Amino acid sequence: MLNVVKILLLAVLVGFSVTTLANLGTTVYMHRALAHKALTLHPLAVFCARLTIWLSTGIRPRQWVAVHRKHHAFTDQEGDPHSPVLLGWKNVQMRNVVLYRISANDPQTVERYAKDLPQTRLDKIFFDRALVGLGLGVALLVFVFGPMVGLLAAVVHLNVYLAGSAAVNAIAHHFGRKPYANGAGNLQWLALLTAGEGLHNNHHAAPTSARLSHRWYELDPGWWLIRVLSSVKLAKVRLATVRLKPSAHRVTV
Ligand SMILES: [Zn+2]
Ligand SMILES: [Zn+2]
């Protein structure tokens, strides 16, 4: 009995740790650096991020970037790949992966919104093979922690990662504090689960800002990583301060 509890606890701990790495790679590399060019990363940091994303999610960054830029271009209007206003937040929460795949599989989406991210040789050989990446990631967990803990940790990670990513598009486009006049909300609990992405109202107000926390009490783990990477010259932030987009309107302070 004690052994079973130990295995479960270890699997949850390992699963959450992998999710944290995947979320940091998602928000710092794919979202803030690639999609919005809010910072540039040293090639070594890029390689580590690409490897982490490949092994833990199988996501192809240029597809993710394209779908996300389309979301910003049509936020909560016809054309938004995953809008709770058009589809209902529960629907987006449950079907986020399907909605993502529909948009990502449309060649026009990538063609139009990720022109600046052509397929590289490394993509062709490794990173575009999503199932190979995911399979290797699970095999690595099994190799390090044994089959029981490794497989359970993989299940925990995939569920928490998918639920967290869906929540940013669904729950954080319906609930949460709205200091700026846009359809997204700030949810600190979600920001802690998604390395800062839950501060989504701030992000829609200042999409080119590398920092998603705008107030002293907001916590943005992705920004903490960017600070560390900057201090060792592995990252360079484009804008020194948070710059609101011209249309961003502050509702409260
Ligand atoms: Zn959004
Ligand atoms: Zn964005």
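## Helix packing and residue settings: worked exercises

In this predicted model, W54, L55 and S56 in α2 meet G133, L136, G137, L140 and H157 in α8.

**Exercise 1.** Describe the packing of α2 against α8, giving the angle, the axis distance, the handedness and the classes of the residues in contact.

*Solution.* Two packed helices are described by the angle between their axes and by the distance between those axes. Helix α2, which covers residues 43-56, packs with α8 at an angle of about 60 degrees, and the two axes are 6 Å apart. The next step is the handedness, and the crossing of α2 and α8 is right-handed. Sorted by class, the residues of this contact are four nonpolar, four polar and no charged.

**Exercise 2.** Decide which word, parallel, antiparallel, perpendicular or oblique, suits the arrangement of α5 and α8, and then list the residues through which the two helices meet.

*Solution.* Begin with the angle: the axes of helix α5 (residues 89-104) and helix α8 (residues 130-169) come within 8 Å and cross at roughly 120 degrees. Angles of 65 to 115 degrees count as roughly perpendicular and those over 145 as roughly antiparallel, and α5 and α8 are therefore oblique to each other. As for handedness, α5 passes α8 in a right-handed crossing. On the α5 side the contact is made by V92, Q93, N96 and V97, which meet L162, S165, A166, A167 and N169 of α8. This contact of α5 with α8 comprises five nonpolar, four polar and no charged residues.

**Exercise 3.** Determine whether R112 is buried, partly exposed or exposed, and state how far its C-alpha atom lies from that of R69.

*Solution.* R112 is placed in helix α6, which runs over residues 107-113. A residue is buried with 20 or more other C-beta atoms within 10 Å and exposed with 12 or fewer; R112 has 13 such atoms, so R112 is partly exposed. Although R112 and R69 are 43 residues apart along the chain, their C-alpha atoms are separated by 9.7 Å.

**Exercise 4.** Find the two spans that UniProt lists as "transmembrane region" and compare their helix content with the model.

*Solution.* The unreviewed UniProt entry lists residues 38-59 and 126-145 under this name. In the model, residues 38-59 are 64% helix and 14% strand, with end C-alpha atoms 21 Å apart. Residues 126-145 are 90% helix and 0% strand, and their end C-alpha atoms lie 25 Å apart.

**Exercise 5.** Name buried residues of α11 and the residue with positive phi that follows this helix.

*Solution.* In helix α11 (residues 221-231), the buried residues include P221, G222, W223 and I226. After α11 comes K233, whose phi is positive, near 65 degrees.

Methods
Residues numbered from 1 in each chain as written. Chains lettered and ligands numbered in written order. Predicted model: local features only at pLDDT ≥ 70, side-chain atom pairs only at ≥ 80, totals over all residues. UniProt positions renumbered as here; feature names shortened; annotations may be inferred. Helix = DSSP H or I, 4+ residues; strand = E, 2+ residues; numbered from the N terminus. Axes fitted to C-alpha atoms, helices over the stretch in contact; angles between N-to-C directions. Parallel < 35°, antiparallel > 145°, perpendicular 65-115°, else oblique. Left-handed = near helix turned anticlockwise from the far one by under 90°. Contact = placed C-beta atoms within 7 Å. Nonpolar A, V, L, I, M, F, W, Y, C, P; charged D, E, K, R; others polar.
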